[in-house]
Amino acid sequence: MSAKRQMAAYPLELSTEEMRHLVDAAMDEIVQHITTLPEQPSFDVDGAADVARSLKESLPEVGTELEASLKILFARAAPKSFNTAGPGYLAYIPGGGVFHAAVADLIADSINRYVGVWLAAPALSQLETNVVAWFAEIVGYPASARGILSSGGSLANFSAFVVARRERLGEDFLHGTIYVSDQIHHSVAKAAMLAGFPDRAVRVIPSDDHFRIRLDALRSAVENDRREGREPFLLVGSAGTTNTGAVDDLEAMADIARDERLWLHADAAYGGFFMMTDRGRVAMRGLERADSITLDPHKGLFLPYGTGSLLVRDGAALKRAHELDAEYLPAMRDDDEFVDFCQYSPELSRPFRGLRVWLPFRLLGAQAFREQLNEKLDLCEWATERLREIPGIEIVAPPQLSVVAFRLAGVDLSQEDRNVLNRQFLEKINARRRVYLTATTVAGDFILRICVLSFRTHMDRMEQGIEDISSAATELQF
Ligand SMILES: *Cc1c(COP(=O)(O)O)cnc(C)c1O
């Protein structure tokens, strides 16, 4: 049989030329897409439902040319979206998508080694262990810390709940109570739900003028629950809320957790990597005293979506909550030196996520990330100063990290009318499609927010954003 006939017989096994063709053709589209990001609209979902509908298809029985699929992806599907990778994306918590990580994924997927079990790829597992250790170093954790890379912050929060539950309550946990502020990310409530806690187990504590958990209210809630026979066991702090970027007083929360014997979990999905900066370390003072910390490399490290992380200060606790043997698995490490990731996480088979962090850090150095994060802090401060100069704008939450929340104050308006005004304000700003902002609601007030966290956002785009905000404010008020 000729080589060519053989290839046709086994189409899943590509020749050298076919591999190169696949990557080159995809690469042409990728380069075109990435280099034009600044000119692409900040979002475009006009008619997106129709496009989605037009793409419904039945299981293809036979293969088709690559070009047709690339065309669907790049010409039809991708343009109809929020441009989450573009410089104008100042919405929610921006992600990133550093290309180095995409290349790492290509390598990881191509070699397809197994990193769930140490023995299957000890050296590759070590690279992921290094990444976890770097994260631990960034947040100021001791050498006893262990951690995992998850698919995102939500699952990291979930695993943290499972660890805290096991460490503090054991099997009979329904009387345990959990304390969060009214600004907490909803994935924390979801973590409680998934970890088996009834709604009544979660105490929502009011926040103060700076959107930080009120410590007096927290203390009295804990006291009250104890008096009524419940078992306070878990306190969750925010190191950067999604609403306004607020950082709870983590130092004070750590004191309360110590005095009340609570597990302190810090949701640092948004803010955590600012620990690489001086300002971030000041804002998040006390973070290293938390028993566990959620980080989201696909936010603060600018990685493509799909990487979160949970760190646990006493790594043995993380292991106790996840280790389980099976006859068909190789023997697991029972020493401290090496890690079987399946003994520390809910997953067994999984992608080699470590590489998408390891390679960018190796290629760029921590310094490059630190500079980026500092630039985001600067840009947010700059934007806040400019917003203050725009007549009618009120700063609702000045930046604690890289989020600023604001609105049109609207003299003598009822809350309802002011909210209507601010909805129009948001629409007008976004209509230019140079930036994309989103809003949130605090205490019934509709407020706009800017979150600067894309590695592609620089001063030029911020200036455009301020121009658009300023002219929208003028149009609506005068
Ligand atoms: C994004 C975010 C989460 C959830 O993380 P995902 O990666 O989206 O699952 C949790 N907490 C905070 C504060 C966040 O910003």
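**Close-up 1. The ligand's pocket.** The ligand takes up the space of the second largest pocket. Here a pocket is an open set of points on a 1 Å grid over the protein atoms alone, with protein on both sides within 12 Å along at least five of seven lines. A molecule sits in a pocket if more than half of its atoms lie within 2 Å of the pocket's grid points. Two elements give two or more residues to the shell around the ligand: helix H7 (153-168) and helix H12 (297-300). Of these, H7 gives the most, with three residues. Helices are DSSP runs (H or I, at least four residues), numbered from the N terminus.

This is a predicted model, in which local features need pLDDT of at least 70 and side-chain atom pairs count only at pLDDT 80 or more, while totals for chains, interfaces and linings use all residues. Residues are numbered from 1 along each chain as its sequence is written, and side-chain values use heavy atoms, with hydrogens and water left out.

**Close-up 2. Neighbours of the ligand.** Which residues come nearest to the ligand? Of the 15 around it (a heavy atom within 4 Å), they are Ser154, Asp267, Asp296, His298 and Lys299. A polar side-chain atom of Ser154 lies 2.6 Å from an oxygen atom of the ligand. For Asp296, such an atom also lies 2.6 Å from a ligand oxygen, and for His298 the distance is 2.7 Å. The ligand taken alone exposes 380 Å², and the protein buries 85% of that (Shrake-Rupley method, 1.4 Å probe).

**Close-up 3. A salt bridge between two helices.** Let's look at Arg356 and Asp105, whose side chains meet in a salt bridge (2.6 Å, N to O). The term means a side-chain nitrogen of Lys or Arg within 4 Å of a carboxyl oxygen of Asp or Glu. Arg356 lies in helix H14 (residues 354-389) and Asp105 in helix H5 (residues 99-111), so the pair ties together parts that are 251 residues apart in sequence.

Conventions. Polar contact = N/O pair within 3.5 Å; in protein donor to acceptor, adjacent residues only side chain to side chain. 1 Å grid on protein atoms, 1.4 Å probe; cavity = no way out; pocket = protein on both sides within 12 Å on 5 of 7 lines; lining within 4 Å.
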